[in-house]
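Dear colleague,

I am handing over the structure we discussed, and it is placed just below this paragraph. My notes on what was found in it follow, and I would be glad if you could read them with the coordinates open.

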Amino acid sequence: MVKAVVLGAAGGIGQPLALLLKANPLVTELGLFDIVNTPGVAADLSHISTPAKVEGYLPPDDGLKKALTGADIVVIPAGVPRKPGMTRDDLFKINAGIVKDLATGIATTAPKAFVLVISNPVNSTVPIVAEVFKKHNVYDPKRLFGVTTLDVVRASTFVSEILGNLSLSKEVVVPVVGGHSGVTIVPLLSQSSHPLPAGIATSDYEALVKRIQFGGDEVVKAKQGAGSATLSMAFAGAEFAGKVIRAVKGEKGITAPTFVSLASDPAGAAALTKELGQELEFFSSTVELGTEGVVKIHPLGTITDAEKALVKAAIPELETNIKTGTNYVAEAYKKAEEDGPSRL
Ligand SMILES: NC(=O)C1=CN([C@@H]2O[C@H](COP(=O)(O)OP(=O)(O)OC[C@H]3O[C@@H](n4cnc5c(N)ncnc54)[C@H](O)[C@@H]3O)[C@@H](O)[C@H]2O)C=CC1
Ligand SMILES: O=C([O-])CC(=O)C(=O)O
């Protein structure tokens, strides 16, 4: 029995993600929460001939609590998307509060659930969830994930395009490490399961790296103000959620790059920290998943000088993004204490 819950389920990502989770035969219950439209989305999905029982919830009558009750895995695509000219960090002002409130709901109702954060900026929203869970004394770093799978999916697609065979894209595996925004997205193309053409021009390699790092902008621009990636993100989110579910059900050897707390595997983190040359609280590296979440954080391994330079360039922004999330929660709690009776 697996209950999956989507918070932000009526949105551009939420709806197709809910569809793909409904299509996952391992999901037996699907809870859909949003501030609008979830009863309709749930009614629609409930006619699909797969095992999951679907229920839609809205904020009145404790809807969030009802949606989260009994949740095994919670995926969060709630929040505003970018418009052209914006960075992911520009979303922080609105999305930080949304994610903090939803994290509070999870901490009080489903503290053991695996939490998969899609809402941007991921480099900051994941630390927000961690801090809220700490405040509620229910934080287990092994169960919290920032979803960076879209970067991995893009890398597979763009590499197979360069190899001239899109049908390879299902098989091409490229570790993408760091975080989920611009220069913090670091594809380790030298470790691609399918090597780039021998003698690829430096300019072509650099263009490929840039396309993976800024693939999100490509979609934002093409959508002309109507939002950012939704369908490819739903695909990526369902891929990652599917891996977590299979691992939780006992399948061994499942790995995926994901943005996790380095406290989730201190031994793995020590090796990674050595490679990075400094400590970071969160980082996306290839992670082995198991019944309790993170089993092992893999080191970067052998990488080229060009990749080392990309990792180095990612660190300052990552550090700032993580601090922004952490400080936000500290300040919100401080303000709530000063304001009197806490609603946190
Ligand atoms: N991690 C990643 O790789 C990616 C992340 N994203 C991010 O995902 C987020 C969602 O994007 P879209 O689905 O395109 O946006 P959207 O605007 O289409 O949908 C967001 C949904 O969240 C809901 N929502 C807002 N406040 C809420 C609350 N307090 N509780 C529950 N639901 C709430 C809205 O009603 C809406 O249905 C954005 O922050 C976007 O930047 C988008 C693409 C990739
Ligand atoms: O670019 C955005 O704002 C949405 C996103 O995270 C992505 O597509 O990778």
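I begin with the second ligand, where helix α8 (residues 215-222) supplies the largest share of the surrounding shell, namely three residues. Please keep in mind throughout that this is a predicted model. The residues that surround ligand 2 are Pro-81, Arg-82, Arg-88, Asn-120, Leu-150, Gly-216, Val-219, Val-220, Ser-228 and Ala-229, and by class they divide into five nonpolar, three polar and two charged. Because both domain 1 (3-146) and domain 2 (149-320) contribute residues to this shell, ligand 2 lies between them.

Ligand 1 has a shell of 34 residues, of which Gly-8, Gly-11, Gly-12, Ile-13 and Asn-120 come nearest. The greatest contribution to the shell around ligand 1 is made by helix α4 (residues 92-109), with four residues, and the shell is made up of 19 nonpolar, twelve polar and three charged residues. Ligand 1, too, lies between domain 1 and domain 2, since both of them give residues to its shell.

Asn-120, which is listed around ligand 2 and is also among the residues that come nearest to ligand 1, deserves a look at its backbone as well. The peptide bond that leads from Asn-120 to Pro-121 is cis, with omega near -5°, and Pro-121 itself is situated in the loop between β5 and α5.

Turning to the annotated position, the unreviewed UniProt entry places the feature "active site" at His-180. In the model, His-180 sits in the loop that joins β7 (176-178) and β8 (185-187). His-180 counts as buried because 28 other C-beta atoms lie within 10 Å, where 20 or more are required. If its neighbours within four places in sequence are left aside, His-180 is in contact with Val-122, Asn-123, Gly-146, Thr-148, Asp-151, Ile-185 and Phe-259.

As to the overall arrangement, the protein is divided into domain 1 (3-146) and domain 2 (149-320), whose C-alpha centres lie 22 Å apart. The contact between them takes 33 residues from domain 1 and 36 residues from domain 2. On the side of domain 1 that touches domain 2, the elements giving two or more residues are α1 (14-22), β4 (73-76), β5 (114-117), α5 (122-135) and β6 (144-146), and α5 provides the largest share of that side, five residues. Sorted by class, the same side of domain 1 holds 23 nonpolar, four polar and six charged residues.

The unreviewed UniProt entry also lists residues 148-327 for "domain: Lactate/malate dehydrogenase C-terminal". Over residues 148-327 the chain is 48% helix and 16% strand, with the end C-alpha atoms 23 Å apart.

The interior can be described through the largest nonpolar core, which has 105 residues, and in which Leu-32, Ile-73, Val-74, Leu-116 and Val-129 touch the most other members. Helix α9 (residues 231-248) makes the largest contribution to this core, with ten residues, and the core draws at least three residues from each of domain 1 and domain 2. In soluble globular proteins, nonpolar side chains tend to be buried together. For Val-129, one of the residues that touch the most other core members, the partners beyond four places in sequence are Val-99, Ala-103, Val-115, Val-117 and Leu-144.

Two further backbone details may be worth checking when you go through the loops. Asn-37, in the loop between β2 (29-33) and α2 (38-45), has a positive phi of about 65° although it is not a glycine. With 16 C-beta neighbours inside 10 Å, Asn-37 counts as partly exposed. Asp-61, which is placed in the loop between β3 (53-57) and α3 (63-68), likewise is not a glycine and yet has a positive phi, here of about 55°. Asp-61 is exposed, because 8 other C-beta atoms lie within 10 Å and the limit for this class is 12 or fewer.

With best regards

How values were computed:
Residues are numbered from 1 along each chain as its sequence is written. Chains are lettered from A and ligands numbered from 1 in the order in which they are written. This is a predicted model: local features need pLDDT of at least 70, side-chain atom pairs count only at pLDDT 80 or more; totals for chains, interfaces and linings use all residues. A residue is near a molecule or strand if its C-beta atom, placed from the backbone, lies within 6 Å of it. Ala, Val, Leu, Ile, Met, Phe, Trp, Tyr, Cys and Pro count as nonpolar, Asp, Glu, Lys and Arg as charged, and the others, Gly among them, as polar. Domain bounds come from an automatic or database domain assignment. UniProt positions are given in the numbering used here, feature names are shortened, and annotations may be inferred rather than shown by experiment. Two residues are in contact if their C-beta atoms, placed from the backbone, lie within 7 Å. A nonpolar core is a set of buried Ala, Val, Leu, Ile, Met, Phe, Trp, Tyr and Cys residues joined through C-beta atoms within 7 Å.
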